[in-house]
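Reader: I have a structure open on my screen and would like to talk it through with you before I go back to the bench. Could you take me through it step by step?

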Amino acid sequence: MEFLIAPIIVALLASILALIISILDKHVNNYGDVEININKGKKVLNVKGGDKLLTTLSSEGVFIPSACGGRGTCGSCKCEISTDVGPILPTEKPYLSTEEINKNIRLACQIKVKKPLDIYIPEELFNAKEFSGIVEEINDLTYDIKEVIVSIGDESIDFVSGRYIQLVVPPYGKIKEYTQRAYSISSKPSEKNKVAMLIRLIPDGIATTWVHNYMKVGEKLKLIGPFGEFEKSDCNSTMVCIAGGSGMAPFKSMFHDMLEKGEIDREVWYFFGARTTKDLFLLKEFQEIEKKWPNFHFIPALSDSSPDEDWDGEKGLITDVLDKYLKTEIDPSKHREGFLCGSPGMIGACNNILNHNGIKDIFYDNFS
Amino acid sequence: MAPDINPLVLLFASIFTSNILLANFLGMCSFISISKDMDSANGLGMSVTAVLTITTAINWVVYRFILIPFDLLYLRFIVFIIIIAATVQVLEMVIDRFSPALYMALGIFLPLITVNCAILGVALFMEIRGYSFIQTLVFAFGSGLGWWLAIVALAAIQKKVLKAPVPEGLKGAGITLITIGFMAMAFIGFSGMLIVQ
């Protein structure tokens, strides 16, 4: 019977330690029922304390965007906590600017719920939900951009054009963890039971590689959203919209929405920058919109077209084309607003051009 | 039988001549990754010292009164690791509850050092060298102080290095490893003074 001694002793030791930990967890880590007051009483949650704010909120159905899933490596789960929860932790510091620290912005994944909290989150986060979807279609738009249409079954999603959604990427290949990535919604708000996204392949990108090489029609996946602030303004200004690559997505949603709601008095200039004809897509779709909507002008421009390409549209850098139109075509006597979606470099450059031409109201959706 | 070493000598030896980090090269990963910022280096050093002293003491008791009587020495690795992990978990919960200030200073680093090899290393050294309880306590505490000293020194040097014209290819981990090499050489200079290992 001697061979039993070792397992018994190890088991005893382990269970004693486990017992101590679980007793401590029950008593020391027990902060009782705690009230979380969101946006001054808009929503009051009664929760059990002791867990991180991010996980506590999501178990109550309030989803704060988070790309890393609460490990404190992405810094996106920022929220304003007006109750004093102690000084900024070293794990939060790298993600918060001085301005944010002064505004009591904290990372929800690092703050433990120990006492009643007053927090403030953007109103629309109440609207964000987790959706279970099935991939309905995957369409190749160019050699590196796919349109993914996800059906969310009987559920319905309410959003304003310009919002984004978080796609939950399951573990695959060498990737062992769930990952979340944000994509603008390209379907229109009236299609309440589906969500479409335009996803461009980024070399070595975790989510884009999965979408391009692993995802299949019929696959089940989770989406969390909608999030974001990018949207068209409510006035009757001239909209100067500029997109590159998959930055097409929010505008596709926006223009279809406006067309459907009959807001076709509004003047819209839509510049789309690409390198060669290989990078262009959905041209027909926007030309169709142009026919139905006289004040809608679609200007695709190629920066790198070779002379033998069949292209009679604009040529040159999108910034140069934009500058030319702002100076010659787009009536400066009307109020003009800029809407940008694309890479940070493109947004920065176009922002300058808009500023130089006296456009001060600029809204953008940065990929970063 | 416990070796005949004065605990005071052992304390100095474990801080300087056989520094757990610079003479034995244990606990390297957190040493390199957390040494960029003085406050964090200090907090981490403090928590390593605390965890080392507490877990090694518990490990000595378990070793002396459970593993030896039942002749289970071959289980020491797994038993030591379980005890270290559990102790760190308990410490984190207790500190978080009862001392927010202490939690801020060292608590948040606790999960990082569960897997710090210096902690297991010290537990194994005390067993290999057959230290008595007092010697074990002193040795563990001294090793913690030695680790703390080394990481604070590295953080201070890194601050200077930041302003130095380091060749492009050596920036980051490269120059850090070279710095650690020089520090190790400096500490080896102590090694003739006291011999405990």
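Author: Gladly, and please keep in mind that this is a predicted model. A place to begin is A:Phe271, which, once its neighbours within four places in sequence are left aside, is in contact with A:Cys241, A:Ile242, A:Ile299, A:Ala301, A:Ile318, A:Val321 and A:Leu322.

Reader: And which residues have the most contacts inside the largest nonpolar core?

Author: That core has 85 residues, and the ones with the most contacts inside it are A:Phe271 together with A:Ala108, A:Met197, A:Cys241, A:Ile242, A:Tyr270 and A:Cys350. There is also a second, separate core, made of 52 residues, and among them are B:Ile20, B:Val51, B:Leu120 and B:Phe125. As a general point, nonpolar side chains in soluble globular proteins tend to be buried together.

Reader: OK, what is chain A built from, helices or strands?

Author: Both are present, since chain A contains eight helices and 17 strands. Of its 368 residues, 35% are buried. If you take the contacts in chain A with a separation of 6 or more, 69% of them are between residues 24 or more positions apart.

Reader: I can see an open sheet with five strands; what is their order?

Author: The order in chain A is β2-β1-β5-β3-β4, and the pairing is mixed. The edges are taken by β2 (43–48) and β4 (105–107), and because each of these has a single partner strand, one side of each is left without a neighbour in the sheet. On average, and ignoring direction, neighbouring strands of this sheet are turned by 40° against each other.

Reader: How many bridges hold β3(A) to β4(A)?

Author: Three bridges join them, and the two strands run antiparallel. Within that pairing, A:Cys79 has A:Arg106 in β4(A) as its bridge partner.

Reader: Switching topic, is A:Thr73 buried or exposed?

Author: It falls in between: A:Thr73 counts as partly exposed because it has 13 C-beta neighbours inside 10 Å, whereas a buried residue would need 20 or more and an exposed one 12 or fewer. A:Thr73 sits in the loop between α2 (53–59) and β3 (78–81) of chain A. Its C-alpha atom is separated by 8.7 Å from that of A:Tyr95, a residue 22 positions away along the chain.

Reader: And β7 in chain A, what does it pair with?

Author: On one hand, β7(A), residues 145–151, pairs with β6(A), residues 129–140, in the antiparallel sense over six bridges, and a hairpin of four residues joins the two strands. On the other hand, seven bridges join β7(A) to β10(A), residues 194–200, and that pair is antiparallel as well. As examples, A:Ile134 has A:Ser151 in β7(A) as its bridge partner, while A:Ile145 has A:Arg200 in β10(A).

Reader: Is that strand mostly covered or left open?

Author: β7(A) is mostly covered, with five of its seven residues buried.

Reader: How many residues does each chain bring to the contact between them?

Author: Chain A and chain B bring 18 residues each. On the side of chain A that touches chain B, 14 are nonpolar, three are polar and one is charged.

Reader: Last thing, where in chain B is the confidence lowest?

Author: It is lowest in helix α6(B), residues 110–113, at a mean pLDDT of 77, and highest in helix α8(B), residues 133–163, at 93. Chain B averages 87, with 97% of its residues scoring at least 70, and the model as a whole scores ipTM 0.80 and pTM 0.61.

Key:
Residues are numbered from 1 along each chain as its sequence is written. Chains are lettered from A and ligands numbered from 1 in the order in which they are written. This is a predicted model: local features need pLDDT of at least 70, side-chain atom pairs count only at pLDDT 80 or more; totals for chains, interfaces and linings use all residues. Two residues are in contact if their C-beta atoms, placed from the backbone, lie within 7 Å. Ala, Val, Leu, Ile, Met, Phe, Trp, Tyr, Cys and Pro count as nonpolar, Asp, Glu, Lys and Arg as charged, and the others, Gly among them, as polar. Two strands pair if DSSP finds at least two bridges between them. pLDDT is the predictor's confidence in each residue, from 0 to 100. Axes are lines fitted to C-alpha atoms, for helices over the stretch in contact, and angles run from 0 to 180 degrees between N-to-C directions. A nonpolar core is a set of buried Ala, Val, Leu, Ile, Met, Phe, Trp, Tyr and Cys residues joined through C-beta atoms within 7 Å.
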